[in-house]
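The following dialogue concerns the reading of strands, helices, contacts and cores in a structural model. Please keep the structure in view throughout.

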Amino acid sequence: MAVALILVLIVVGSVAFHLLSPWWWTPIASNWAYIDSTIVITFWITGAVFVAVVLFMAYCVYRFRHQPGRQAHYEPESKRLELWLTLVTGIGVAAMLTPGLFVWRQFITVPQDATDVEILGQQWQWSFRLPGPDGKLGASDIRLVGPDNALGISREDPNSQDDIVIEGGELRLPVGRPIKALLRSADVIHDFYIPEMRAKMDLVPGQISYIWFTPTRTGTFEILCAELCGVGHPQMRGTVIVQEQKDYQAWLQAQASRTFARLTPTAQ
Amino acid sequence: MVDVPLGHVGPVPGADIEDVELYHPHSWITKYVFAQDAKVIAIQYSLTALSVGLIALVLSWLMRLQLGFPGVFSFIDANAYYQFITMHGMMMVVYVLTALFLGGFGNYLIPLMVGARDMVFPYVNMLSFWVYLLAVLILIASFFAPGGPTGAGWTLYPPQAILSGTPGGQEWGIVLMLASLMVFIIGFTMGGLNYVVTVLQARARGMTLMRMPLTVWGIFTASFMALLAFPALFVGCVMMMFDRIFGTSFFLPAIVEMGQPLERSGGSPLLFQHLFWFFGHPEVYIVALPAFGIVSDLISTHARRNIFGYRMMVWALLAIGALSFVVWAHHMYVSGMNPYFGFFFATTTLIIAIPTAIKVYNWILTLWRGNIHLTVPMLFALAFIVTFVNGGLTGLFLGNVVVDVPLSDTMFVVAHFHMVMGVAPILVIFGAIYHWYPKVTGRMLNDTLGKLHFWVTFLGAYAIFFPMHYLGLMGVPRRYYEMGEMSFVPPSAHTLNAFITIVALVVGATQLTFVFNLFWSLRHGKVAGSNPWRATTLEWQTPETPPSHGNWGKAPPIVYRWAYDYSVPGAAEDFLPQNQPSAQAVSGEAHG
């Protein structure tokens with residue numbers, strides 16, 4: 001009796017916690033509302049299963065508890081019941097997987113008009129590189145990293161001359177424009193994570209990974225590292241400021257002094 | 001309608017081989033120390049693993065103290081914190097859960113449950129334990145080595161695992177960790193081959209595969225999987241050891257270490273992740289499948305009802321085992337691997353939910369129309385279902401590739417895997433110990449202490465890990481020594497963290513009642529008799545309790561029926577032991 005009651009209380013408590021707790025996702029600031037919708041669908045389906053299973057258990061524990069004279073029912077299997085349950089489970093799983101895969105396709109298909117932004121992680125700070133007026137990022141190689149070239153940008157590549165380099169500072173992005181973040185690491189694996197953007201992807205040394213998103217509201221958001229990268233991991237923070245287009249352009253103009261060519265004049 | 005061939009009394013095949021002559025120990029040392037009796041080896045494995053578990057428990061306290069009360073305990077700095085989480089994780093997954101389920105329960109239960117006199121290779125079995133102990137000692141030694149143990153996280157991802165920014169990366173820590181894992185795998189291989197071969201070759205007459213208890217099926221499948229999965233980890237360890245000591249570049253591309261370019265190029269950090277998770281995901285099921293098997297037997301025995309859908313249960317175990325080898329990259333959705341892998345691995349991962357769900361249904365359908373005795377083992381089995389269902393369902397979030405993006409690497413993941421492969425299997429281990437302790441020692445564990453232990457552990461663990469999901473949903477990353485200021489985290493989250501820590505301290509301390517119970521009941525427990533739970537499986541039918549060397553006295557048992565003849569209509573008792581011929585107790589109509 002007590003056991004059945006406690007099982008019921010676990011269900012009631014869990015559902016109440018879910019509905020009433022102050023801890024929920026951060027208000028979204030990107031185009032990935034679909035991800036949130038898929039999470040909500042998943043919460044409904046899995047929540048229903050959890051409630052049903054535990055309540056059924058509670059019922060069994062109460063109804064079929066040992067009493068003098070009770071004998072259990074002998075029934076090794078029931079093919080119909082098992083088939084039926086398998087089918088229902090299959091449908092539930094498909095209902096979660098299908099929207100998930102559709103959204104994933106969008107998630108990895110970068111729009112043609114996305115602006116490239118390079119994000120470089122190293123123990124334990126973030127640096128950024130924006131393409132200059134030519135709209136192209138120049139080539140880079142970790143072996144070129146030096147005191148005056150923290151991002152290892154190629155001096156030979158003409159595309160790199162007008163690239164704007166922001167070391168350890170804050171990244172600015174225009175609102176409403178798709179961004180393709182090109183992710184590089186100079187040392188260990190890091191992870192570029194902005195909770196409000198629902199964006200997260202590892203930066204792996206030796207390769208360039210990517211993620212894309214469109215900021216949908218202005219504001220200041222924190223960049224966290226989400227992959228253990230050594231003792232300084234929790235301190236590896238950055239900031240992204242999403243601005244209106246005209247504010248962003250004004251800021252971009254002001255960065256003309258921070259082109260790669262200006263920062264490392266020996267390149268000329 | 002219920003006429004299935006499972007319990008059908010067929011002719012028992014003649015003995016293929018003569019009863020074997022066992023190795024006979026001649027001294028106390030060969031009987032209890034360098035023992036070749038699987039039952040003694042099982043106890044050696046179990047006590048060692050439980051001791052490592054206590055160390056890992058203390059480590060979890062220390063990390064929770066830091067998370068709940070950041071900055072209060074000056075001896076926990078960032079280095080120490082990362083060392084604690086790394087050692088806690090590796091110890092629990094490999095040195096506690098794997099060793100306890102396979103080395104402990106496998107050794108004790110396989111020979112007894114299949115009606116064998118011992119494992120087929122007793123000497124190798126003995127070596128297996130001593131090599132395991134060596135692995136544990138190497139692991140513990142890293143606490144005393146210069147620089148301390150590695151703090152790379154239990155996943156040991158290179159390059160950081162072998163660089164100076166990580167505790168133990170350029171010192172002894174990572175070297176000892178890799179060495180210990182390699183030694184562990186060598187030891188496990190010796191044991192694992194034994195378990196598989198014993199199940200296949202040494203079953204008693206009449207014990208067909210489809211009459212085996214699900215405990216044996218679970219341990220057998222898990223051992224088979226471990227033999228296939230651990231080599232991937234072994235290879236990864238060898239390569240990383242080479243990278244660390246000989247300067248090779250298996251996992252290191254051209255990188256910079258603290259501003260200085262390193263003389264490495266061409267390696268792939270992702271290669272290690274593939275090797276690690278090719279082992280790591282099956283590892284989850286290497287822990288889970290024995291728990292599935294054991295819990296099936298606990299539920300059936302204490303609900304006095306046959307396990308529902310036995311054949312489906314066996315096929316589900318095998319399907320999960322096979323599928324678990326093609327889902328590994330769901331740990332790597334945001335690792336920077338080719339994103340098109342996401343479609344494949346999300347699909348396989350969600351498909352694995354189907355056989356897993358079937359198992360859950362069959363457990364609760366076994367309770368349905370049963371005759372449920374709420375013994376301590378049964379309570380733990382019920383709690384297992386609650387936590388496993390909870391943790392399994394959150395797996396559907398993380399397995400669904402796009403949902404994983406916001407949740408990956410957050411506290412949601414920590415909550416999920418602790419619920420599903422931490423709390424759930426450990427509840428089964430406790431239930432199993434309360435269940436089989438009478439066979440091992442001849443005495444019952446104390447019931448009152450057991451219930452206290454159960455309620456605090458179950459409700460406490462649920463209170464620790466259920467709310468933790470919501471921290472992750474909010475975006476709090478895992479493996480943060482301190483949250484510090486995060487603009488999106490309200491102060492109430494810190495209160496929640498403090499609450500979790502306090503509950504963790506209480507739950508941890510309560511485990512002492514269990515340890516006390518283990519020792520106290522050895523002398524003062526109620527005398528159990530040979531079959532206190534009135535169970536059908538062979539281990540309860542031994543001529544002596546505890547079973548002596550060789551298990552079966554003069555002749556090994558002959559098996560006439562499956563393992564689940566509980567409450568058979570017309571039978572005199574509500575259970576029919578597997579070695580009981582039909583004529584004695586079953587009416588003609590019922591199939592026994």
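**Reading the model**

Strand 9 (residues 219–225) and strand 10 (residues 237–243) of chain A pair in the antiparallel sense over 6 bridges. This is a predicted model, in which local features need pLDDT of at least 70, side-chain atom pairs count only at pLDDT 80 or more, and totals for chains, interfaces and linings use all residues. Residues are numbered from 1 along each chain as its sequence is written, while chains are lettered from A and ligands numbered from 1 in the order in which they are written.

Q: How is such a pairing defined, and which residue of strand 10 of chain A is the bridge partner of A:F221?

A: Strands (E, at least two residues) and helices (H or I, at least four) are DSSP runs numbered from the N terminus; two strands pair if DSSP finds at least two bridges between them. Here A:F221 has A:V240 as its bridge partner.

Q: What is the strand order of the open sheet with strands 9 and 10 of chain A?

A: The order of its 5 strands is 4-10-9-6-7, with mixed pairing. Strand 4 (170–174) and strand 7 (199–203) of chain A are the edges, each pairing on one side only. Angles run from 0 to 180 degrees between N-to-C directions of axes, which are lines fitted to C-alpha atoms, for helices over the stretch in contact. Helix 4 (residues 245–254) of chain A lies across strands 4 and 10 of chain A, at about 135° to strand 4.

Q: Why does the length of helix 3 of chain A agree with expectation?

A: The expected span is 1.5 Å times one less than the number of residues. The 30 residues of helix 3 (residues 79–108) of chain A should therefore span 44 Å, and the end C-alpha atoms are 42 Å apart, which agrees.

Q: Which residues of helix 3 of chain A are buried?

A: A residue is buried if 20 or more other C-beta atoms, placed from the backbone, lie within 10 Å of its own (exposed: 12 or fewer; partly exposed: in between). Among those buried in this helix are A:L85, A:W104 and A:F107.

Q: How many residues of chain B are in contact with chain A?

A: Contact requires C-beta atoms, placed from the backbone, within 7 Å. By this criterion, 98 residues of chain B touch 80 of chain A. Helix 11 (residues 376–399) of chain B supplies the largest share of chain B's side, 9 residues.

Q: With which residues is B:I364 in contact, beyond its neighbours within four places in sequence?

A: B:I364 contacts A:V53, A:F56, A:M57, A:C60 and B:I385.

Definitions and conventions: Contact = placed C-beta atoms within 7 Å.
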